[in-house]
Amino acid sequence: MRVNKKGLTLILVAILCLLSGCEQMAIFDPKGPVAESQRNLIVYSLYFMGGIILVVYVAFTIIVIKYRNHKNRTEESYDGNMHGNNLIETIWTVIPILIVTALAIPTVTTLFDLEKPPEASVENSSKDPLVVYATSADWKWIFSYPEEGIETVNYLHIPTDRPIEFRLSSTGSMAALWIPQLGGQKYNMAGMETILYLQADEPGVYKGMNSNFNGEGFAEQKFKVHAEDPGAFQDWVKDKKANAPKLTQKQYDQLIKPGLTDKQTYSSTHLDWVNHGTHAGMDYEISRFRDLYKESIGLERKTVKESIENEK
């Protein structure tokens with residue numbers, strides 16, 4: 001067989017380009033029970049669908065060989081009239097139902113299990129989740145620890161072997177919090193609060209990000225998660241509580257203004273005056289930057305009559 005060298009070279013280059021995006025397969029290297037459950041579900045689905053593809057291609061090969069055109073073929077070799085064939089109709093009806101059922105049951109079961117805090121993996125570790133409010137703003141992450149009375153921007157500290165209850169909301173545009181090695185993503189939206197349970201079983205520094213495109217600063221809306229043993233976490237909390245400045249409402253209003261910022265730490269939280277996950281707090285940002293939004297994204301309040309007259 002004659003090999004097209006140019007075509008083969010292009011295929012190899014394309015494969016290399018595609019694999020360059022797989023430098024870090026973080027979801028296949030879980031560091032907590034939530035990410036491990038999701039990794040197991042993905043692996044199960046891949047093997048299951050790989051088995052289906054194998055069966056289909058084997059059947060396809062058998063049919064091509066058996067019913068090919070050859071010199072010994074007769075009229076009785078193949079009957080193309082399958083109308084009313086109960087066996088075939090039963091097969092192509094039942095098999096898809098079995099496939100969907102085999103994929104749906106473990107998927108639904110896993111998703112429902114992940115709506116509850118993961119069980120403590122170490123004896124004597126705390127089973128009560130640590131509550132962290134994760135608020136997205138354009139384009140930074142604000143983490144509030146209400147029980148500890150501290151707040152961080154663009155970084156996060158959590159204890160190992162303890163569930164973390166993230167309460168997700170947004171000051172304005174929609175975002176999604178994703179820490180691949182600790183678990184899958186959930187959306188942040190203004191005016192509503194979603195709950196995401198994650199847990200780290202191993203100390204380390206993990207990458208977190210916004211996985212929902214929401215504007216020009218999207219690529220920089222990242223943060224690092226420092227998972228450490230409970231003693232080190234408590235020491236970090238005490239240090240920030242004693243040495244970090246308090247957050248004022250004026251500083252917070254500047255902080256949520258669209259733009260980028262470095263890491264910051266405060267010994268109080270913005271929850272003292274606004275919770276963006278509630279209906280009352282959903283337009284907090286827009287009410288403070290109405291002039292800016294009018295100029296940048298055209299949020300003008302017009303009546304229907306005014307809009308029609310402007311279009312004429």
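These legends go with a set of close-up views of a predicted model.

**View 1. The whole chain, before zooming in.** The protein runs to 312 residues, with buried residues making up 33% of them. Its secondary structure comes to eight helices and 11 strands. Take the contacts between residues at least 6 apart in sequence: 68% of them join residues at least 24 apart.

**View 2. Helix H2 and what lies over its buried residues.** H2 covers residues 33-66, which makes 34 residues. From first C-alpha to last, H2 reaches 49 Å, close to the 50 Å expected at 1.5 Å a residue. Val34, Ala35, Leu41 and Ser45 are the ones to look for here, as they are buried in H2. The cover over the buried residues of H2 includes helix H3, along with strand S7 (183-188) and strand S8 (194-198).

**View 3. Helix H3 and its N-terminal cap.** H3 spans residues 86-113. With 28 residues, H3 reaches 40 Å between its first and last C-alpha atoms, close to the 40 Å expected at 1.5 Å a residue. At the N-terminal end sits the cap, asparagine 85. One of its side-chain oxygens lies 3.2 Å from the backbone nitrogen of leucine 87.

**View 4. The largest pocket and its nonpolar lining.** Zoom in on the largest pocket, which has a volume of about 330 Å³. Its lining is made up of Ile63, Tyr67, Tyr78, Met82, Leu87, Ile88, Ile91, Trp92 and Ile95. By residue class, that is nine nonpolar, no polar and no charged. Which helix gives the most to this lining? H3 does, with five residues. Leucine 87 turns up in this view as a lining residue, and its backbone nitrogen is the one that faces the asparagine 85 cap in View 3.

**View 5. Threonine 171, tucked into the S5-S6 loop.** Threonine 171 is in the loop between strand S5 (164-170) and strand S6 (175-179). Is threonine 171 buried or exposed? Its relative accessible area is just 1%, so with the cut-off for buried at under 20%, threonine 171 counts as buried. The threonine 171 side chain makes a polar contact with the side chain of glutamate 285, at 3.3 Å. Leaving out residues up to four places away in sequence, threonine 171 touches Thr135, Ser136, Ala137, Ala190, Tyr252, Ile256, His276, Met282 and Glu285.

**View 6. Glycine 172 and aspartate 283, with their long-range partners.** Glycine 172 is in the loop between S5 and S6, and is partly exposed at 30% relative accessible area. Beyond its neighbours within four places in sequence, glycine 172 is in contact with Ala190 and Glu285. Both of those residues are also on the list of residues touched by threonine 171. The C-alpha of glycine 172 is 9.3 Å from that of isoleucine 256, 84 residues away along the chain. Aspartate 283 belongs to the loop between strand S11 (264-266) and helix H6 (284-288), and is partly exposed at 43%. The C-alpha atoms of aspartate 283 and glycine 172 are 7.4 Å apart, with their positions 111 residues apart along the chain.

**View 7. Backbone oddities in three loops.** Most residues other than glycine have a negative phi, and most peptide bonds are trans. Here, the peptide bond from aspartate 138 to tryptophan 139 is cis, with omega near 0°. Tryptophan 139 sits in the loop between strand S1 (130-137) and strand S2 (140-145). Next up is asparagine 154, with phi near 65°, in the loop between strand S3 (150-153) and strand S4 (155-159). Asparagine 154 is buried, at 11% relative accessible area. Aspartate 161 has a positive phi too, near 60°, and lies in the loop between S4 and S5. Its relative accessible area is 15%, so aspartate 161 is buried.

**View 8. Glutamine 234 on helix H4.** Glutamine 234 is part of helix H4, residues 230-243. At 35% relative accessibility, glutamine 234 counts as partly exposed. The C-alpha of isoleucine 158 is 9.6 Å from that of glutamine 234, though the two are 76 residues apart along the chain.

Key: Residues are numbered from 1 along each chain as its sequence is written. This is a predicted model: local features need pLDDT of at least 70, side-chain atom pairs count only at pLDDT 80 or more; totals for chains, interfaces and linings use all residues. Side-chain values use heavy atoms; hydrogens and water are left out. Helices (H or I, at least four residues) and strands (E, at least two) are DSSP runs, numbered from the N terminus. Buried means under 20% relative accessible area, exposed over 50%, partly exposed in between (1.4 Å probe, protein chains only). A polar contact is a pair of N or O atoms within 3.5 Å; within protein, one must be able to donate a hydrogen and the other to accept it, and residues adjacent in sequence count only if both atoms are side-chain atoms. Contact means heavy atoms within 4.5 Å. On a 1 Å grid over the protein atoms alone, a cavity is a set of points where a 1.4 Å probe fits but cannot get out, and a pocket is an open set with protein on both sides within 12 Å along at least five of seven lines; lining residues have an atom within 4 Å of a point. Grid points are joined across faces, edges and corners, and a volume is the space filled by probe spheres set on the points. Ala, Val, Leu, Ile, Met, Phe, Trp, Tyr, Cys and Pro count as nonpolar, Asp, Glu, Lys and Arg as charged, and the others, Gly among them, as polar. The expected span of a helix is 1.5 Å times one less than its number of residues.
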